[in-house]
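Hi there,

Here is the structure I promised to pass along. Have a look at it first, and then read on for what turned up.

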Amino acid sequence: MLNEIPFEVREFIKKYISSVSLLELLLLMKRNPQRSWTAEELSGEMRTNNSYASLQLAELVDSKLVIPGDRQGSFRLTENPEDNKMLSELEFLYNNRRSSLINSIYAQPMDSIRDFANAFKIKKD
């Protein structure tokens with residue numbers, strides 16, 4: 001299933017997308033890229049709480065996928081063409097290969113945890 005997701009997309013996910021809800025928030029913002037969103041507006045649209053939307057926005061600001069908007073406390077998508085192209089690819093995959101995309105998002109942390117656990121295995125000589 002992971003082979004259905006292009007390598008570049010998997011690398012983008014590994015670097016920037018920690019959860020499906022974060023991806024859904026990005027895709028919501030992508031639908032109207034010139035709009036500035038507050039955490040309260042996003043939480044209402046996503047049907048989540050304000051503090052969770054604020055945390056997700058902070059994560060996106062740190063990754064430079066969103067930038068400050070035209071109103072105080074608001075944010076909008078970056079205008080970086082490479083990021084926007086990747087978001088279009090993610091949107092296509094979300095609409096057409098959702099389960100593969102979700103598996104790709106959640107496979108990354110499990111690989112890291114598995115690698116960490118394997119470092120402590122006692123090996124027979």
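To start with something you can find on screen: which side chains meet in a salt bridge with an N to O distance of 2.9 Å? They are those of Lys30 and Glu91. Lys30 belongs to helix 2 and Glu91 to helix 5, so this pair ties together parts that are 61 residues apart in sequence. Glu91 has a relative accessibility of 23%, and because buried means under 20%, it counts as partly exposed. Please keep in mind throughout that this is a predicted model.

Now the general layout. The protein contains 6 helices and 3 strands, and from the N terminus on the order of these elements is α-α-β-α-α-β-β-α-α. There are 125 residues, 35% of them buried. Among contacts with a separation of 6 or more, 63% are between residues 24 or more positions apart.

Next, the nonpolar core. In soluble globular proteins, nonpolar side chains tend to be buried together. Here the largest nonpolar core has 30 residues, and the ones that touch the most other members are Ile17, Leu23, Met29, Leu42, Leu90 and Leu101. At least two residues of this core come from each of helix 1 (7-16), helix 2 (20-31), helix 3 (39-46), helix 4 (50-62), helix 5 (81-96) and helix 6 (98-118). Helix 2 gives the most, with 8 residues. Leu23 is a good residue to click on: leaving aside its neighbours within four places in sequence, Leu23 is in contact with Ile17, Leu90, Tyr94, Leu101 and Ile105.

Ile17 also comes up in connection with Ser63, which sits in the loop between helix 4 and strand 2 (66-68). The two are 46 residues apart along the chain, and their C-alpha atoms are separated by 9.6 Å. Is Ser63 buried or exposed? Its relative accessibility is 16%, so Ser63 counts as buried.

How do helix 2 and helix 3 pack? Their axes are 11 Å apart and the angle is about 105°, so the two helices are roughly perpendicular to each other. On the helix 2 side, the contact is made by Ser21, Glu24, Leu25, Leu28 and Met29, while helix 3 contributes Leu42, Glu45 and Met46. By type, the residues of this contact divide into 5 nonpolar, 1 polar and 2 charged. Met29 and Leu42 are also among the core residues that touch the most other members.

Back to salt bridges, since the whole structure has 5 of them. Arg71 and Glu41 form one through their side chains, at 3.0 Å from N to O. This pair links distant parts of the chain, with Arg71 in the loop between strand 2 and strand 3 (74-77) and Glu41 in helix 3, 30 residues apart. Arg71 is partly exposed at 37% relative accessibility, and Glu41 is partly exposed at 26%. Both also belong to a network of salt bridges that links Arg35, Glu41 and Arg71.

Another one joins Arg76 and Glu79, whose closest N and O atoms are 3.1 Å apart. Which of these two partners is buried, and which is exposed? Arg76 counts as buried, at 17% relative accessibility, whereas Glu79 is exposed, with a relative accessible area of 51%.

Happy browsing, and best wishes!

Technical notes. Residues are numbered from 1 along each chain as its sequence is written. This is a predicted model: local features need pLDDT of at least 70, side-chain atom pairs count only at pLDDT 80 or more; totals for chains, interfaces and linings use all residues. Side-chain values use heavy atoms; hydrogens and water are left out. A nonpolar core is a set of buried Ala, Val, Leu, Ile, Met, Phe, Trp, Tyr and Cys residues joined through side-chain atoms within 4.5 Å. Buried means under 20% relative accessible area, exposed over 50%, partly exposed in between (1.4 Å probe, protein chains only). Helices (H or I, at least four residues) and strands (E, at least two) are DSSP runs, numbered from the N terminus. Contact means heavy atoms within 4.5 Å. Axes are lines fitted to C-alpha atoms, for helices over the stretch in contact, and angles run from 0 to 180 degrees between N-to-C directions. Angles under 35 degrees count as roughly parallel, over 145 as roughly antiparallel, 65 to 115 as roughly perpendicular and the rest as oblique. Ala, Val, Leu, Ile, Met, Phe, Trp, Tyr, Cys and Pro count as nonpolar, Asp, Glu, Lys and Arg as charged, and the others, Gly among them, as polar. A salt bridge is a side-chain nitrogen of Lys or Arg within 4 Å of a carboxyl oxygen of Asp or Glu.
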